[in-house]
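Got the viewer open? Let's take a walk through this one together, one selection at a time.

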Amino acid sequence: MKKSLFLVAFTLVCQLAAAHQTLPIKGTIVSAADKHIQYTGRISFTNPARPAFNYPGTQIIAAFEGTSLKMIAKPGSGYYMAQIDQAEPFKVSFMDKRDSVVTLATALPEGRHLVRLMYIIEGYELYPEFWGFVLDKGKSLVEAPALPSRKIEFIGNSITCGYGNEGTDRNEHFDYATENHYYSYASITARSLEAQHWVVARSGIGAYRNYGEAKTGSPRSCMPVQYEYIGYAYDLKLREEASFLREKWDFSRYQPDVVCINLGTNDLSTQPYDVTLLKQGYQRLLKMIRQHNPKAKIVFLCGSMLNGKELEIAKQLLDEVKAEANKAGDKEVYRFNFTPQNGDLSYGNDYHPSIWQHEKMAAELAAYLRALMHWF
């Protein structure tokens with residue numbers, strides 16, 4: 001075991017030195033395979049020293065000794081939010097192709113500290129990897145606090161991802177720099193309820209038809225196709241670009257208490273759409289979720305970007321799917337509607353919910369789930 005860890009550390013040093021052509025890293029390098037690191041989210045550990053993922057909300061949690069902490073990750077792989085102990089969380093960038101080591105903390109009081117990292121964008125084309133930490137010389141990771149026992153899974157689209165929520169201009173389009181899942185309704189709800197939350201979400205995805213695609217649907221990339229994989233690939237052929245995208249998810253690794261599904265906005269956002277196929281998409285996804293999560297409560301969410309005719313269609317279809325599932329014997333399927341946004345809390349990019357709108361959504365959903373799950 002010691003030999004394998006030495007090889008991992010030595011490999012990391014060589015890789016980083018080659019990438020930077022600068023002074024060697026000072027301190028103790030801790031492999032991403034260290035047993036003290038806690039991970040949440042759909043992550044591939046095929047290479048334990050380089051865990052791979054691309055869904056937002058993936059978390060890395062560790063307790064460490066010493067006065068400083070650096071993070072090592074794949075260059076060009078996106079943004080994280082970091083929190084040291086109870087301090088205010090801050091954004092960390094690995095967007096630059098030269099960034100592989102980023103300082104998270106310096107001059108901390110000598111002693112034990114806790115770091116929480118969350119991947120906050122949808123890295124569907126960045127293929128992020130976490131490579132480990134750098135501690136003070138001679139220091140090590142220690143046992144971290146247990147993860148919350150409450151477990152939520154969020155399945156959704158751009159709203160769940162946090163698309164544009166840090167944007168200030170509703171007419172601006174997608175930018176990784178303005179997407180922050182940490183401030184999404186899903187993440188805020190989970191923190192409010194002191195629960196883990198694992199995410200399967202991608203901008204533009206639908207229950208049967210992705211944004212702007214054919215009326216007949218998106219048979220290679222809608223959520224029922226993607227749900228069983230460890231990561232997201234827009235086209236199944238693209239799974240060849242990153243080996244972890246070819247892996248099927250092992251559902252025994254996370255059995256949520258409740259699954260929240262927020263889909264339908266993209267299916268109905270552009271003409272023409274097929275209401276019958278959308279309902280079948282919801283039913284197909286429900287069957288799949290129930291198969292893999294036999295004990296979970298399942299909640300279909302609606303809103304907050306739909307309005308008018310399309311909002312009423314979505315509500316009606318979801319009410320029908322819920323009622324039919326209940327009648328067929330699945331009594332643990334539920335419905336919840338967000339208050340539709342009207343601009344009074346501003347908009348993010350492309351009219352997506354602002355951070356303030358996400359906070360409102362989270363307050364509504366947290367209250368509902370608290371009562372449903374008896375999480376008091």
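Start with the open sheet of five strands, whose pairing is parallel and whose order is β12-β11-β13-β14-β15. Keep in mind as you look around that this is a predicted model.

Now colour the two edge strands of that sheet: β12, residues 195–201, and β15, residues 333–337. Each of them pairs on one side only. If you look across the sheet, you can follow its twist, which averages 20° from one strand to the next.

Next, select residues 150–156. That's strand β11, which runs parallel to β12 and is joined to it by seven bridges. To see one matching pair, show Gly-156 and look for Ala-201 of β12 opposite.

What packs on this sheet? Select 308–327 and you'll have helix α7, which touches β14 (297–302) and β15. Its direction makes about 160° with that of β15.

Time for the other sheet on our route. This one is open too, with four strands in the order β1-β9-β4-β7 and antiparallel pairing. Pick out β1 (28–31) and β7 (101–105) at the edges: each has a single partner strand, so one side of each has no neighbour in the sheet. On average, neighbouring strands here are turned by 30° against each other, ignoring direction.

Zoom in on β4, residues 69–73. Four bridges connect β4 with β7, and the two run antiparallel. Show Lys-70 and then its bridge partner in β7, Thr-103.

Now for a pair of helices: select 185–193 for α3 and 355–373 for α8. Their axes come within 8 Å and cross at roughly 45°, so the two helices are oblique to each other. The crossing of α3 past α8 is right-handed.

Turn on side chains to see who meets whom. From α3 you want Tyr-185, Ile-188, Thr-189, Ser-192 and Leu-193. On the α8 side, the residues they meet include His-358, Met-361, Leu-365 and Arg-370. Counting both helices, the residues of this contact divide into eight nonpolar, three polar and two charged.

Finally, zoom out to the whole chain, which holds eight helices and 15 strands. Along its principal axes, the C-alpha trace spans about 60 × 45 × 40 Å. How does the radius of gyration compare with that of a compact globule? For 376 residues such a globule would be near 21 Å, and the chain has 21 Å, so the two agree.

Terms used: Residues numbered from 1 in each chain as written. Predicted model: local features only at pLDDT ≥ 70, side-chain atom pairs only at ≥ 80, totals over all residues. Heavy atoms only, no water. Axes fitted to C-alpha atoms, helices over the stretch in contact; angles between N-to-C directions. Parallel < 35°, antiparallel > 145°, perpendicular 65-115°, else oblique. Left-handed = near helix turned anticlockwise from the far one by under 90°. Contact = heavy atoms within 4.5 Å. Nonpolar A, V, L, I, M, F, W, Y, C, P; charged D, E, K, R; others polar. Pairing = 2+ DSSP bridges. Rg over C-alpha atoms; globule rule 2.2 N^0.38 Å.
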